[in-house]
Amino acid sequence: MMKYRKKPVVIEAVEWTGTKESFEEIEKFMGDFPRVTNGLLHVDTLEGTMYASVGDYIIKGVKGEFYPCKPDIFKATYEAVE
């Protein structure tokens, strides 16, 4: 079996904190008017609508697509760049 390494890619991401300020930041980031139901942020992805809970990150992918990511996965996969 072959093994593969993930290519280093710099991404943009915003954390959904559930606040008005966070909503406005995500709105600017996504260039769209996101929807929130019961604290869950609706994120339209290439695979359909996914939901981000408070604390999740919204990631902009390499092709400009958006998707949510759980904080533990985000922190294990990404690190801040200057």
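Welcome! Three salt bridges are counted in this structure, which is a predicted model. Let's visit each of them, then a charged residue without such a partner, and finish at a pocket.

**Stop 1: Lys20 and Glu24**

Select Lys20 and Glu24 and show their side chains. They meet in a salt bridge, with 3.7 Å from N to O. Why are these two separated by about one helical turn? Lys20 and Glu24 are four residues apart in helix 1, which covers residues 20–30. Now switch on the surface: Lys20 counts as exposed, at 61% relative accessibility, whereas Glu24 is partly exposed at 35%.

**Stop 2: Arg35 and Asp44**

Next, select Arg35 and Asp44. Their side chains form another salt bridge, and here too the N to O distance is 3.7 Å. How accessible are the two partners? Arg35 has 38% relative accessibility and counts as partly exposed; Asp44, at 41%, is also partly exposed.

**Stop 3: Lys70 and Asp56**

Move on to Lys70 and Asp56. The closest N and O atoms of this salt bridge are 3.0 Å apart. To see what the pair joins, colour the model by secondary structure. Lys70 sits in the loop between strand 6 (66–69) and helix 2 (71–77), while Asp56 sits in the loop between strand 4 (48–52) and strand 5 (57–60), so the salt bridge ties together parts that are 14 residues apart in sequence. Is Asp56 buried or exposed? Asp56 is buried, with 3% relative accessibility. Its partner Lys70 is partly exposed, with a relative accessible area of 40%.

**Stop 4: Glu65**

Now select Glu65, in the loop between strand 5 and strand 6. Glu65 is buried, yet has no salt bridge. Which side chain of opposite charge is nearest to Glu65? That is Lys63, 7.3 Å away. A salt bridge needs the nitrogen and oxygen within 4 Å. Show the backbone of Lys63 as well: its nitrogen lies 2.9 Å from a polar atom of the Glu65 side chain.

**Stop 5: the largest pocket**

For the last stop, select Pro8, Val9, Val10, Ile11 and Tyr78. Of the 17 residues lining the largest pocket, these are the closest to its centre. The volume of this pocket is about 480 Å³. What kinds of residue make up the lining? By class, there are 11 nonpolar, two polar and four charged residues. Try colouring the lining by class to see how these groups are arranged.

Conventions:
Residues numbered from 1 in each chain as written. Predicted model: local features only at pLDDT ≥ 70, side-chain atom pairs only at ≥ 80, totals over all residues. Heavy atoms only, no water. 1 Å grid on protein atoms, 1.4 Å probe; cavity = no way out; pocket = protein on both sides within 12 Å on 5 of 7 lines; lining within 4 Å. Points joined across faces, edges and corners; volume = space filled by probe spheres on them. Nonpolar A, V, L, I, M, F, W, Y, C, P; charged D, E, K, R; others polar. Buried < 20%, exposed > 50% of the residue type's maximum accessible area, 1.4 Å probe, protein only. Lys, Arg positive; Asp, Glu negative; His and termini not counted. Polar contact = N/O pair within 3.5 Å; in protein donor to acceptor, adjacent residues only side chain to side chain.
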